Amino acid sequence: MASLDRDVIFTNVALTDDGDVWWEGLGDAPAHAIDWQGKDWTPAIAKQTGAKAAHPNSRFTVAALNNPALDPAWDDPAGVPIDIFIFGGRRSTTVPLVTEARNWIEGVYMAATMGSETTAAIVGQEGVVRRDPFAMLPFTGYNMSDYFQHWLDMGSKLGALCEKSGARLPRIFTTNWFRKGADGKFVWPGYGGEHACAQVDDRPPRRHGVRPGACVWYQPFLRRTQWTGLDFTAEQFDKVIGIDKDAWAKELELHAALFKQLEYHLPRELSDNKARIEKRLGA
């Protein structure tokens with residue numbers, strides 16, 4: 001939020017009388033505002049008509065330089081060492097809060113099958129899982145399966161270099177902060193990569209920090225996660241980190257449909273990895 005102090009472009013939000021912005025869920029509602037359509041809006045109007053002050057697809061954009069946590073060397077032309085790749089989608093069910101790939105191939109699989117539930121940005125399709133491999137769907141200008149192969153090849157080249165230098169391959173994680181409970185509200189109270197960073201800080205990696213028997217990917221233990229200042233129970237933790245085998249059996253059917261769509265040049269490693277997950281699940 002500190003990134004939004006200045007030089008921000010907001011779209012489809014409400015404008016308050018003091019020149020600030022507001023959208024549903026951002027603190028208490030103002031007594032009066034101009035809504036995203038340029039009309040007067042008050043809580044009374046909302047109660048009477050159901051009108052929202054902000055569009056469900058309200059957005060903001062801001063330069064990375066506004067982020068106080070930005071590393072000073074983030075765009076160093078000499079290069080920046082990479083310890084972690086983190087991929088994530090918006091899923092209200094199925095996908096755990098954080099998981100780590102066992103190896104590079106599994107990490108490529110995780111990113112290749114990543115998906116998000118569509119939002120109000122796509123009219124008439126809200127809540128549908130749309131596959132977005134590597135979060136690159138709008139940007140990849142060639143066969144996506146060839147893009148997967150590029151990542152696999154890159155892992156082989158990096159692995160050879162790491163063997164010579166004693167370095168380590170970057171670890172690959174997926175995140176999903178959007179699991180919801182029965183009440184329809186988000187279960188996870190905030191955002192952060194603490195677990196991923198803790199895992200990478202272990203030198204060499206200490207696999208006792210994750211559940212190595214996890215049937216899909218590595219998952220964190222409750223005791224390895226920092227909870228300072230959070231009112232967050234072990235039951236809530238299990239809900240956001242848990243694997244539902246029936247849900248994952250259906251998820252793998254969707255993976256199969258994706259691979260059928262991308263079967264031209266689809267790397268065999270991804271199909272083989274899917275089979276290994278199915279075996280762990282007992283599917």
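The largest cavity in this structure holds about 140 Å³ of space. Keep in mind as you look around that this is a predicted model. Two topics are worth a visit here: the cavity with its lining, and the packing of helix α6 against helix α7.

**The cavity**

- Searching the whole structure turns up one cavity of 30 Å³ or more.
- Its lining is made up of 17 residues, and those nearest the centre of the largest cavity are Val95, Met110, Thr113, Met114 and Gly115.
- Three elements each contribute at least two residues to this lining: β7 (84-88), β11 (171-175) and α6 (245-261).
- Of the lining, α6 gives the largest share, with three residues.
- Sorted by class, the lining of the largest cavity contains eight polar, six nonpolar and three charged residues.

**Helix α6 against helix α7**

- Turning to the helices, α6 packs with α7 (residues 268-281) at an angle of about 165°, and their axes are 11 Å apart.
- Because angles over 145 degrees count as roughly antiparallel, α6 is roughly antiparallel to α7.
- The crossing of α6 past α7 is left-handed.
- On the α6 side, the contact involves Lys245, Trp248, Leu252, His255, Ala256 and Phe259.
- Across from them, α7 brings Leu270, Ser271, Lys274, Ile277, Glu278 and Leu281.
- By class, the residues of this α6 and α7 contact comprise seven nonpolar, three charged and two polar.

**Where the topics meet**

- Helix α6 is a good place to start exploring: α6 supplies three residues to the lining of the largest cavity, and α6 also packs with α7.

Terms used:
Residues are numbered from 1 along each chain as its sequence is written. This is a predicted model: local features need pLDDT of at least 70, side-chain atom pairs count only at pLDDT 80 or more; totals for chains, interfaces and linings use all residues. Side-chain values use heavy atoms; hydrogens and water are left out. On a 1 Å grid over the protein atoms alone, a cavity is a set of points where a 1.4 Å probe fits but cannot get out, and a pocket is an open set with protein on both sides within 12 Å along at least five of seven lines; lining residues have an atom within 4 Å of a point. Grid points are joined across faces, edges and corners, and a volume is the space filled by probe spheres set on the points. Helices (H or I, at least four residues) and strands (E, at least two) are DSSP runs, numbered from the N terminus. Ala, Val, Leu, Ile, Met, Phe, Trp, Tyr, Cys and Pro count as nonpolar, Asp, Glu, Lys and Arg as charged, and the others, Gly among them, as polar. Axes are lines fitted to C-alpha atoms, for helices over the stretch in contact, and angles run from 0 to 180 degrees between N-to-C directions. Angles under 35 degrees count as roughly parallel, over 145 as roughly antiparallel, 65 to 115 as roughly perpendicular and the rest as oblique. A crossing is left-handed if the near helix is turned anticlockwise from the far one by less than a right angle, and right-handed if clockwise. Contact means heavy atoms within 4.5 Å.
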